[in-house]
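Please keep the structure open while you read this note. Find each residue as it comes up.

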Amino acid sequence: LAQLFPVPATIHFRPDQVTCEPSNVPLQVQKTRLGKRAATLAIGEFAVHETVLRCPRCSAVYHSAELRGIIPPGANFGYDIIVYVGRMLFLQCRGYQEIREALRERNIILSASEIAVLAKRFVLYLGMLHRSLQKDIQSAMRLRGGYILHLDGTCEGASPHLISVLDGMSEIVLENRKLPSENAEDLEPFLQGIRDQYGEPVAVVSDMGKGIALAI
């Protein structure tokens with residue numbers, strides 16, 4: 001369904017906890033948030049009514065885990081919309097207007113500026129997720145006998161160089177970073193960080209420009 005409700009509904013959220021775990025005392029209502037505009041692909045647009053609880057003894061504040069699971073704190077659009085925008089923009093190469101129209105068909109109304117913000121959130125959350133899985137990536141590469149570091153950079157005119165490195169065997173991107181240049185003094189700290197995170201590579205593949213060769 002494009003939208004679960006024919007008109008935007010008000011959905012109530014409150015914490016699952018009724019007692020503060022550290023203090024073991026009943027929680028009290030700190031405040032209610034009513035009327036915040038929100039939207040997800042699964043529901044469409046709706047109004048949020050959130051009850052926030054507080055411990056009277058230790059002052060710990062409890063929010064709805066359910067609400068935090070579908071919409072980032074302080075945001076109006078769900079994680080599923082953020083992923084939708086990111087995939088459309090970066091994987092399907094759709095423009096903002098195309099994304100707006102595609103979302104409009106699902107009864108999600110966004111401006112071009114809101115789509116731009118969601119695209120940045122997508123990149124930010126993807127980077128945070130990637131970093132949270134570094135140990136799992138290390139373990140997977142170790143089971144394969146190590147990794148082959150593929151290194152390359154690109155730029156437009158006088159803009160910073162976007163340096164990308166990936167494991168040639170698993171094709172997992174290990175890091176992307178904007179650097180002032182491909183000179184050795186700029187690349188060395190970046191490569192040292194890769195080595196610190198993932199260990200020594202079995203081999204390095206690059207175009208072997210002078211700065212890259214010296215840095216390696």
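The points below take up a helix pair, a surface patch and one strand residue.

1. Start with the status of the model. It is predicted. Read every value below as computed from that prediction.

2. Look at helices α2 and α4. Helix α2 covers residues 79–91, and helix α4 covers residues 112–132. Their axes lie 8 Å apart and cross at an angle of about 95°. Angles of 65 to 115 degrees count as roughly perpendicular, so α2 is roughly perpendicular to α4.

3. Now see which residues make that contact. From α2 come Y79, I81, I82, V83, V85, G86, R87, L89 and F90. From α4 come I115, L118, A119, R121, F122, V123 and Y125.

4. Stay with F90. This residue is in helix α2 and is part of the contact with α4. Is F90 buried or exposed? Partly exposed is the right label, because its relative accessible area is 45% and the class runs between 20% and 50%.

5. F90 also belongs to a nonpolar surface patch, along with L91 and V123. Together the three have about 310 Å² of accessible area. V123 is, like F90, listed in the contact between α2 and α4.

6. Move to R33, in strand β2, which spans residues 28–40. R33 is partly exposed, with a relative accessible area of 36%.

7. What does R33 touch, leaving out residues up to four places away in sequence? The partners are V48, H49, E50, V52, H63 and R68. Compare A47, which is 14 residues from R33 along the chain. The C-alpha atoms of R33 and A47 are separated by 10.0 Å.

Note on methods:
Residues are numbered from 1 along each chain as its sequence is written. This is a predicted model: local features need pLDDT of at least 70, side-chain atom pairs count only at pLDDT 80 or more; totals for chains, interfaces and linings use all residues. Side-chain values use heavy atoms; hydrogens and water are left out. Patches are made of residues with over 30% relative accessible area and no salt bridge: like charges are joined within 9 Å, nonpolar side chains (Val, Leu, Ile, Met, Phe, Trp, Tyr) within 5 Å. Accessible areas come from the Shrake-Rupley method with a 1.4 Å probe; for residues, only the protein chains shown count as cover. A salt bridge is a side-chain nitrogen of Lys or Arg within 4 Å of a carboxyl oxygen of Asp or Glu. Helices (H or I, at least four residues) and strands (E, at least two) are DSSP runs, numbered from the N terminus. Buried means under 20% relative accessible area, exposed over 50%, partly exposed in between (1.4 Å probe, protein chains only). Axes are lines fitted to C-alpha atoms, for helices over the stretch in contact, and angles run from 0 to 180 degrees between N-to-C directions. Angles under 35 degrees count as roughly parallel, over 145 as roughly antiparallel, 65 to 115 as roughly perpendicular and the rest as oblique. Contact means heavy atoms within 4.5 Å.
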